[in-house]
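Let's take a walk through a protein model together. Have the sequence and the 3D view at hand, and follow along as each part is introduced.

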Amino acid sequence: MKITKFGHACVRLEKNGRAVVIDPGVMTPEPDASAGAEAVFLTHQHFDHFDPEHLRESRAPVYTCAGVAEQLGEFGERVHVVRGGDHFSVAGFEVSVAGDKHHHSHPDAPPVDNVGFLVDGEVFHPGDALTVVDAPTLLLPGQAPWLTVPAMIEYLRRMAPRRAYAIHDGLLNEWGLKVLDDVLAREAGRAGADVRRLRPGESVEL
């Protein structure tokens, strides 16, 4: 499987000439992120993960939580609502759904729906949550208004993946990215694992 990171929290997964894309949002400027993808997975409704314009550029089915589906009436039967515990197959991938709510982020607002996607039992994209599953490869939230460095490290250690690739870094300037890279490098040394940040456009092969 090939993982390619695009702007902020968006990744594209490719296998045997087929592809799916996860969370192409407003902070994903690359026009080719969804090109040719046979399915789009959306973890939740926040703009940095969800942009209807990306969906209008294809006819691919959309798999997402109820909170996002409520905003996608124009796409009709393309939209499939999934919940934690669900399993489905699409584009040659086997997908399991985990989690149900966004991490707590504001005292005046209840968490919105959020689902994570475990693809082929290998790669887990949690969206904006710290859902723990058994996955060899974690797409790790690297920075967010709702996330502290200690919480990120604790999540990474609880998951204990063989590989962790930080995404969700679009709000950081160059200094913040350096801090994140240093934290990840220390965790890589501690765990003896491949733990690092993926740059936009960077790919890894599993």
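We will visit a helix and then a single residue in a strand.

This is a predicted model, in which local features need pLDDT of at least 70 and side-chain atom pairs count only at pLDDT 80 or more, while totals for chains, interfaces and linings use all residues. Residues are numbered from 1 along each chain as its sequence is written, and side-chain values use heavy atoms, with hydrogens and water left out.

Start with helix α3, residues 149–159. Helices here are DSSP runs of H or I with at least four residues, strands are E runs of at least two, and both are numbered from the N terminus. The buried residues of α3 are M152, I153, Y155, L156 and M159; buried means under 20% relative accessible area and exposed over 50%, using a 1.4 Å probe and protein chains only. These buried residues lie on the same side of α3 because they cover an arc of only 160 degrees around the axis, judged by the directions from the helix axis to the C-beta atoms. On the face turned away from that side, you will find the exposed residues P150 and R158.

Now look at the two ends. At the N-terminal end, T148 acts as a cap, with a side-chain oxygen 3.2 Å from the backbone nitrogen of A151. After α3 comes A160, whose phi is positive, near 50 degrees.

Next, find T64 in strand β5 (residues 62–64). Is T64 buried or exposed? T64 is buried, with a relative accessible area of 0%. A polar atom of the T64 side chain lies 2.8 Å from the backbone oxygen of L42.

Conventions
A polar contact is a pair of N or O atoms within 3.5 Å; within protein, one must be able to donate a hydrogen and the other to accept it, and residues adjacent in sequence count only if both atoms are side-chain atoms.
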